[in-house]
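Colleague: I would like a close look at one part of this model, the ligand site and what is built around it. Please take it step by step, as for someone new to reading structures.

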Amino acid sequence: MSTIDSRIGSAGSGVPREIRDALGEIAKSRSLLVALDFDGTLAPTVDDPAMARALPEARAAVLRLASIAHTRVALVSGRALDSLEEVADVPDEVLLVGSHGIELRLDNPDDVFTLDEHEQARLGLLGDVLDQVADNVEEVWVEVKPAGFALHTRLATDKNSRIAHLVALSEARAEVEDLTVRHGKDVLEFSVRSTTKGEAVEHLRRYTDSSSVFYAGDDITDEDAFAALASHDLGLKSGTGPTVADHRVAGPEDVAHVLTLLATLRETWLAELPQSN
Ligand SMILES: O=P(O)(O)OC[C@H]1O[C@H](O[C@H]2O[C@H](CO)[C@@H](O)[C@H](O)[C@H]2O)[C@H](O)[C@@H](O)[C@@H]1O
């Protein structure tokens, strides 16, 4: 029996050996940041974004991790911050990053995000262009965010989805200068401000003064976060698709098991540390 197995008993028995070993190491970090994507990672994908919820085991693990000393948890999402707050429903000690890093809910709730006049004008133009596309292609709809829009094509046919993406890209680029475009699962996102989840993770690492970062994500935009990780960090890809993450699991159910095991390992390690007084 390995050291990890003897410390945790049957917890995490469904988690592959190499991930268990990697979790055993990162659980011993001086200060740990657990940064997690929401859709496709904590929450299974559903047709209506408003109906997405973290799996009960994932949510329980997030709450457990957030209550452990020297450990911070952050959700890092492409969703608008208010949408993330609504679906995630987590306490204030969980840090939130919305709109791929544009919006932050850290420990000071008074930090409010605003657009300058030029950004607001570009946002207006962008909204008009995308609304026109959605009005003309069946089952395509626009999700409004503070600094941009997501053009959703999940329920459209493959052909209509391709048409919507092509037209939206060419029209938006023709009408609005300096656009940020992000590709996601059945979604094309347009923003008037450019940030990445990689920048968000770097910001959170500094903000929380963490010595190691665990990051889990499923989508193309999460690759920026994985790329921002160092050798003493740990990246976990949820689901299929190319990735630079260290490890991969099949989807949200397995992510939940990994988070539960991480919480157990972290609690066990901290409990075994000699007390300073
Ligand atoms: O960064 P994330 O937390 O993964 O957010 C990415 C996008 O998630 C949402 O869209 C995706 O999930 C929906 C619900 O499962 C699904 O219907 C849609 O097809 C997916 O693209 C959200 O609506 C977007 O705003 C986020 O950027």
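Modeller: What follows starts at the ligand, goes on to the domains, and ends with two helix pairs. Keep in mind that this is a predicted model.

Start with the shell of residues around the ligand. There are 22 residues around the ligand, and those that come nearest are Phe38, Asp39, Pro49, Ser77 and Gly78. Sorted by class, the shell has six nonpolar, six polar and 10 charged residues. Two strands can be named as contributors: strand 6 (148-152) and strand 8 (187-191) each give at least two residues to the shell.

The next step is to ask which parts of the chain these residues come from. The protein chain is divided into domain 1 (13-111 + 196-272) and domain 2 (117-191). Domain 1 is thus written as two stretches of residue numbers, 13-111 and 196-272. Each of the two domains, domain 1 and domain 2, supplies at least three residues to the shell around the ligand.

Now the domains themselves. The C-alpha centres of domain 1 and domain 2 are 28 Å apart. In the contact between them, 13 residues belong to domain 1 and 11 residues to domain 2. On the side of domain 1 that touches domain 2, the classes are four nonpolar, six polar and three charged residues.

The first helix pair is helix 5 (residues 117-136) and helix 6 (residues 158-175), whose axes lie 10 Å apart at an angle of about 155 degrees. Because angles over 145 degrees count as roughly antiparallel, helix 5 is roughly antiparallel to helix 6. The crossing of helix 5 and helix 6 is right-handed. In this contact, helix 5 uses Leu125, Leu126, Val129, Leu130 and Val133, while helix 6 uses Ala164, Val167, Ala168, Glu171, Ala172 and Glu175. By class, the contact of helix 5 with helix 6 has nine nonpolar, no polar and two charged residues.

The second pair is helix 2 (residues 17-26) and helix 9 (residues 252-272), which pack at an angle of about 40 degrees with their axes 9 Å apart. Helix 2 and helix 9 are therefore oblique to each other. Helix 2 crosses helix 9 in a right-handed sense. Ile19, Arg20, Leu23 and Gly24 of helix 2 meet Val258, Leu261, Leu262 and Leu265 of helix 9. The classes in the contact of helix 2 with helix 9 are six nonpolar, one polar and one charged.

Terms used: Residues are numbered from 1 along each chain as its sequence is written. This is a predicted model: local features need pLDDT of at least 70, side-chain atom pairs count only at pLDDT 80 or more; totals for chains, interfaces and linings use all residues. Axes are lines fitted to C-alpha atoms, for helices over the stretch in contact, and angles run from 0 to 180 degrees between N-to-C directions. Helices (H or I, at least four residues) and strands (E, at least two) are DSSP runs, numbered from the N terminus. Angles under 35 degrees count as roughly parallel, over 145 as roughly antiparallel, 65 to 115 as roughly perpendicular and the rest as oblique. A crossing is left-handed if the near helix is turned anticlockwise from the far one by less than a right angle, and right-handed if clockwise. Two residues are in contact if their C-beta atoms, placed from the backbone, lie within 7 Å. Ala, Val, Leu, Ile, Met, Phe, Trp, Tyr, Cys and Pro count as nonpolar, Asp, Glu, Lys and Arg as charged, and the others, Gly among them, as polar. A residue is near a molecule or strand if its C-beta atom, placed from the backbone, lies within 6 Å of it. Domain bounds come from an automatic or database domain assignment.
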